[in-house]
Amino acid sequence: MSRSVVVTTTVAVEPATAFEVFTDEVDAWWKHGPRYRPGSDRSSVMRFEPGVGGRLLEVYQDAQGGAFELGRITVWEPAGRLIFEMRGRDFAPGEPGTEVEVRFEPFSGGTRVTVEHRGWDALPKDHAAFHGLGEPAFSNMMGVWWADLLVAARAWAEGERARH
Amino acid sequence: MPQNPPDGVQRLIPMLVYADAPAAIDFLCAAFGFEERNRYEMPDGRIGHAELGLGTDVVMLASEYPEFGLASPRKLPALNAQVFCWVDDIDAHHARAREAGAIIATAPEPQGYGARTYRALDPEGHRWLFAMPGAVDETDRNRA
């Protein structure tokens, strides 16, 4: 039912820094709230465990605690490329996850960042992840979802981060 | 009687708000092909009002004025409006925006209503839909 979702931007920091921002500093830019975090409005911290096999986690900061695993890292090439699996709360245990590849390429004194979110074809057409949308509506929705996150990541990398 | 609307502007004009309005003016000109027509700087350094032209139309923008209840989308949990804009050559427009660092959310693609569109976000998260008329593709209409 679906193609891959590709979102691109540039950021005015070197690829090594852009990779670090995307991974080590993920919680600084990954937006909060039900549209962006599996835990919805729960107080949480997003975290990449560095290296292949590491997890992308949402760690809860409330009294209930615990963490939700979005997926595992399958490619970890600092300053170059990152691939991780991604599953939402609406994925059944053992169900195939989707896959996110993030590429960091030198570009005009900064970095071109490309996010490719794929693997939708392995899901049944009526999967909750599609929110009942066909194409191109679903790809449009996912495109702006990543774009909204990249607005925040870029603002962090180029602005607030420097002041920390 | 004065001309209404005045020359070089349309009847409906978006008025956008940016945390860093001077940077936004630079970006919109470099990435989306606007031309700065004028800007009014306030004594505190904020932009009270600016106008950017695109062909015979104009978009207005200003700095954030929290006292007026105006904030950049960066500070908001969701958008309540987007800007839709017809352009002459969508592929060239897309290539220029991409090179200038726009966040490209969706590449140019035929839509079911007879237009090709792409979506780009500017650095503060305003969402722009650029479109060019195109033939209605039946397979595309079925997908939509």
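Here is a short back-and-forth about a predicted model of two chains, A and B.

The model is predicted, so local features need pLDDT of at least 70 and side-chain atom pairs count only at pLDDT 80 or more, while totals for chains, interfaces and linings use all residues. Residues are numbered from 1 along each chain as its sequence is written, chains are lettered from A and ligands numbered from 1 in the order in which they are written, and side-chain values use heavy atoms, with hydrogens and water left out.

User: How many disulfides are there over all chains?

Analyst: A disulfide is a covalent bond between the sulfur atoms of two cysteines. Here the test is a pair of cysteine sulfur atoms within 2.5 Å. Cys29(B) misses out because the closest cysteine sulfur, in Cys85(B), is 13 Å away, too far for a bond. Over all chains the count is zero.

User: Is Cys85(B) buried or exposed?

Analyst: Buried means under 20% relative accessible area, exposed over 50%, and partly exposed in between, using a 1.4 Å probe and protein chains only. Cys29(B) is at 18% and counts as buried. Cys85(B) comes in at 11%, so the label is buried.

User: Which residue of E8(B) is the bridge partner of Leu121(B)?

Analyst: Strands (E, at least two residues) and helices (H or I, at least four) are DSSP runs numbered from the N terminus, and two strands pair if DSSP finds at least two bridges between them. E7(B), residues 115–121, and E8(B), residues 127–133, run antiparallel with seven bridges. For Leu121(B), the partner in E8(B) is Arg127(B).

User: Which residue has a positive phi in the hairpin of E6(B) and E7(B)?

Analyst: E6(B), residues 103–110, is antiparallel to E7(B), with five bridges joining them. One of the paired residues is Pro110(B), matched with Arg116(B) in E7(B). Four residues sit between the strands, and the one with a positive phi, near 85 degrees, is Gly114(B).

User: How many residues of E7(B) are buried?

Analyst: E7(B) has strand partners in E6(B) and E8(B). The strand is mostly covered, and out of its seven residues the buried ones number six.

User: What area is buried between chain A and chain B?

Analyst: With contact taken as heavy atoms within 4.5 Å, 22 residues of chain A touch 21 residues of chain B. Buried area is the accessible area (1.4 Å probe) that two parts lose on being put together, summed over both. Carbon and sulfur atoms give 48% of the total, which is about 1,800 Å².

User: How many salt bridges are there between chain A and chain B?

Analyst: The rule wants a side-chain nitrogen of Lys or Arg within 4 Å of a carboxyl oxygen of Asp or Glu. Asp148(A) and Arg127(B) qualify at 3.3 Å, N to O. Arg127(B) lies in strand E8 of chain B and Asp148(A) in helix H3 of chain A, so the pair joins two chains. Both residues are buried, and the count between the chains is two.

User: Which residue forms a salt bridge with Glu101(A)?

Analyst: Glu101(A) counts as buried because its relative accessibility is 7%. Its closest N and O atoms to the partner are 2.8 Å apart, and that partner is Arg118(A). Glu101(A) lies in strand E6 (98–107) of chain A and the partner in strand E7 (110–118), so the pair ties together parts 17 residues apart in sequence: the name is Arg118(A).

User: How far apart are the closest N and O atoms of Arg42(A) and Asp62(A)?

Analyst: Both ends are partly exposed, Arg42(A) at 22% and Asp62(A) at 27%. They form a salt bridge, with the closest N and O atoms separated by 2.7 Å.

User: Which backbone nitrogen does the side chain of Glu158(A) reach?

Analyst: Glu158(A) is found in helix H3 of chain A and is partly exposed, at 40%. Beyond its neighbours within four places in sequence, Glu158(A) is in contact with Thr10(A), Val11(A) and Ala12(A). Its C-alpha is 7.3 Å from that of Val11(A), although the two are 147 residues apart along the chain. At 2.8 Å, the side chain reaches the backbone nitrogen of Ala12(A).

Key: A polar contact is a pair of N or O atoms within 3.5 Å; within protein, one must be able to donate a hydrogen and the other to accept it, and residues adjacent in sequence count only if both atoms are side-chain atoms.
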